[in-house]
Amino acid sequence: MAHTDPIADMLTRIRNALKAGESIVKVPSSRSKIEITRILREEGYINDYKVLTQEGGKSDLIIELKYGPNRERVINGLKRISKPGLRVYAGKNEIPVLLGGMGTVVVSTSQGVMTGKEAKKLGVGGEVICYIW
């Protein structure tokens with residue numbers, strides 16, 4: 001079945017796995033999903049990830065979820081902002097700050113996928129992909 005929004009599908013799979021207490025999530029891989037997952041790891045929301053290539057050229061993204069010492073979730077929320085039906089863009093001065101800087105804004109810019117903080121530092125705007133807190 002074809003998905004109209006594969007990034008929202010990935011975020012939903014992560015959200016569901018966290019609620020179920022799973023330790024890993026398997027998601028069909030793409031360049032944009034790998035970049036978002038890289039940001040999740042750099043920001044400390046997940047332990048690690050790897051890309052497994054299967055026969056036929058398809059690949060899966062295996063995401064190792066992170067929990068606190070008492071099995072509490074590190075990721076409390078994931079929200080897709082820019083959707084296929086309504087794209088949301090922000091200029092370099094309009095990039096939102098989530099929860100007073102406690103959350104992460106993922107932005108797709110002309111210089112690649114990065115956090116809102118990085119985009120502000122580089123002085124670029126772009127498409128607001130999702131919020132993570």
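Lysine 26 has isoleucine 62, in β3, as its bridge partner. This is a predicted model, in which local features need pLDDT of at least 70, side-chain atom pairs count only at pLDDT 80 or more, and totals for chains, interfaces and linings use all residues. Residues are numbered from 1 along each chain as its sequence is written, and side-chain values use heavy atoms, with hydrogens and water left out.

β1 pairs with β3 (residues 59–65) in the antiparallel sense, over 5 bridges. Two strands pair if DSSP finds at least two bridges between them. Strands (E, at least two residues) and helices (H or I, at least four) are DSSP runs, numbered from the N terminus.

Two helices pack on the sheet. Contact means heavy atoms within 4.5 Å. Axes are lines fitted to C-alpha atoms, for helices over the stretch in contact, and angles run from 0 to 180 degrees between N-to-C directions.

| Helix | Strands touched | Angle between directions |
|---|---|---|
| α1 (residues 6–20) | β1 and β3 | about 165° with β1 |
| α2 (residues 31–42) | β1, β2 and β3 | about 155° with β2 |

The sheet is open, with 3 strands in the order β1-β3-β2 and antiparallel pairing. β1 (24–28) and β2 (46–53) stand at the edges; each has a single partner strand, so one side of each lacks a neighbour in the sheet. From one strand to the next, the twist averages 20°.

Isoleucine 95 lies elsewhere, in the loop between β5 (89–90) and β6 (104–109). Isoleucine 95 is buried, at 5% relative accessible area. Buried means under 20% (1.4 Å probe, protein chains only). Beyond its neighbours within four places in sequence, isoleucine 95 contacts Ala90, Val107, Gly116, Ala119, Lys120, Val124 and Gly125.

Note on methods
Buried means under 20% relative accessible area, exposed over 50%, partly exposed in between (1.4 Å probe, protein chains only).
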